2 protein chains.
Amino acid sequence: MLINMAESNSMKSSKRGEANVSSGFLDAIAWNTEGLVPVITQDADSGQVLMLAWMNREALARTVERGEAVYWSRSRKRLWHKGETSGHVQIVEDIRLDCDGDALLLSVRQQGGIACHTGRHRCFYRRLENSLWQSVEPVLKPPEAIYGK
Amino acid sequence: MLINMAESNSMKSSKRGEANVSSGFLDAIAWNTEGLVPVITQDADSGQVLMLAWMNREALARTVERGEAVYWSRSRKRLWHKGETSGHVQIVEDIRLDCDGDALLLSVRQQGGIACHTGRHRCFYRRLENSLWQSVEPVLKPPEAIYGK
């Protein structure tokens with residue numbers, strides 16, 4: 001458990017990420033010049049690394065609050081509740097910070113078993129073989145079936 | 001195997017990283033504005049995520065060439081052959097690229113069982129518990145015993 005239940009319940013009713021979360025832990029992070037930190041997301045069951053994404057303070061506060069991964073989308077320049085369109089939500093089991101305070105590691109339960117927008121289990125599906133990147137993992141569901149277009 | 005043996009042997013004798021490596025795979029990577037890409041390093045045996053570091057083109061070329069992790073140290077602004085001082089070299093088993101081409105995943109055999117400069121198995125030893133980062137993994141060897149001062 002990341003947070004105790006009383007704290008969790010009060011946070012569920014909060015509208016803003018940091019309002020009811022003790023935010024001192026956010027200050028321990030060495031945010032980069034853009035206010036972001038890289039986040040590694042690992043499958044709690046298989047141990048496979050699913051993806052690398054980014055968070056700002058609000059994304060991490062909301063992740064703790066909801067117990068589901070909320071990232072900062074650098075391309076869309078907005079908060080991104082993972083699975084908001086696909087339903088492939090990531091339920092957070094554990095959050096770790098590294099020695100330098102400039103990288104996070106999330107352990108998650110990946111709903112739907114698909115983390116990648118290409119419809120694969122994970123984003124790291126290309127393997128270096130004889131100086132070429134080879135796709136070595138199957139598409140489990142076509143993106144058009146996930147995103148409905 | 002990342003590379004075939006004939007290719008490997010010819011690369012061992014090379015002085016420069018990219019000289020004998022077919023470098024097309026480097027062009028597939030979406031290097032950031034500083035010419036870097038974040039690299040997740042995972043223990044091939046335990047599946048634990050050990051650390052997050054960075055590479056530039058030359059670091060990745062040398063990593064492929066040597067079969068050992070070579071990063072770009074952002075603080076020291078130079079190539080960093082992991083383990084060059086500590087002996088805690090990382091033997092590379094597998095290199096993956098993500099869907100967007102902007103993150104790498106290395107699977108390694110961690111020599112000495114210590115990836116972190118604090119003397120711990122891995123850098124992600126702080127866990128978020130009740131809004132505090134708690135150290136939850138032991139120091140296996142004091143840094144002064146590793147780095148000799």
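**Figure 1. N130(A) sits in the loop between β7 and β8 of chain A.** The model shown here and in the other views is predicted. β7(A) and β8(A) form a hairpin with 2 residues between the strands. N130(A) takes a positive phi of about 50 degrees, although it is not a glycine. N130(A) counts as partly exposed, because its relative accessibility is 44%.

**Figure 2. In chain B, N130(B) lies in the loop between β7 (126–129) and β8 (132–135).** N130(B) is a residue other than glycine, and its phi is positive, near 50 degrees. With a relative accessible area of 44%, N130(B) is partly exposed.

**Figure 3. Strands of both chains build one open sheet.** There are 6 strands, in the order β8(A)-β7(A)-β5(B)-β6(B)-β1(B)-β2(B). Their pairing is mixed. Strands of a sheet pair through backbone hydrogen bonds, either parallel or antiparallel. At the edges stand β8 (132–135) of chain A and β2 (49–55) of chain B. Each edge strand pairs on one side only. On average, neighbouring strands of this sheet are turned by 35 degrees against each other, direction ignored.

**Figure 4. R127(A) has a partner on each of two strands, β5(B) and β8(A).** In β5(B), R127(A) stands opposite R96(B). Here β7(A) and β5(B) pair in the antiparallel sense, over 2 bridges. In β8(A), R127(A) stands opposite Q134(A). β7(A) and β8(A) are joined by 4 bridges and run antiparallel.

**Figure 5. Strands β1 and β6 of chain B run parallel.** β1 covers residues 37–43 of chain B, and β6 covers residues 104–110. The two strands are joined by 5 bridges. V39(B) has L104(B) as its bridge partner in β6(B).

**Figure 6. Helix α3 of chain B lies across strands of both chains.** This helix spans residues 57–66 of chain B. It lies across β7 (126–129) of chain A, together with β2, β5 (90–97) and β6 of chain B. Helix α3 of chain B runs at about 120 degrees to β5(B).

**Figure 7. Helix α3 of chain A holds several buried residues.** The helix covers residues 57–66. Buried there are A59(A), L60(A), A61(A), T63(A), V64(A) and E65(A). An α-helix has 3.6 residues a turn, so residues three or four places apart point the same way. Just after α3(A) comes G67(A), with a positive phi of about 75 degrees.

**Figure 8. Cysteines C99(A) and C116(B) are not bonded to each other.** A search of the whole structure finds 0 disulfides over all chains. C99(A) is in no disulfide, and its nearest cysteine sulfur, that of C123(B), is 3.7 Å away. For C116(B), the closest cysteine sulfur is in C99(A), at 3.8 Å, which is too far for a bond. The cut-off for a disulfide is a sulfur pair within 2.5 Å. C99(A) counts as buried, because its relative accessibility is 15%. C116(B) counts as buried too, at 1% relative accessibility.

**Figure 9. A rotation of 180 degrees superposes chain B on chain A.** The shift along the axis is 0.0 Å, and the RMSD is 0.0 Å. The two copies are therefore related as by a two-fold rotation axis. In chain B, the C-alpha nearest the axis belongs to G47(B), 2.9 Å from it. Both copies use the same surface: 100% of the contact residues of chain B recur in chain A.

Notes:
Residues numbered from 1 in each chain as written. Chains lettered and ligands numbered in written order. Predicted model: local features only at pLDDT ≥ 70, side-chain atom pairs only at ≥ 80, totals over all residues. Heavy atoms only, no water. Least-squares fit on C-alpha atoms with pLDDT ≥ 70 in both. Contact = heavy atoms within 4.5 Å. Buried < 20%, exposed > 50% of the residue type's maximum accessible area, 1.4 Å probe, protein only. Pairing = 2+ DSSP bridges. Axes fitted to C-alpha atoms, helices over the stretch in contact; angles between N-to-C directions.
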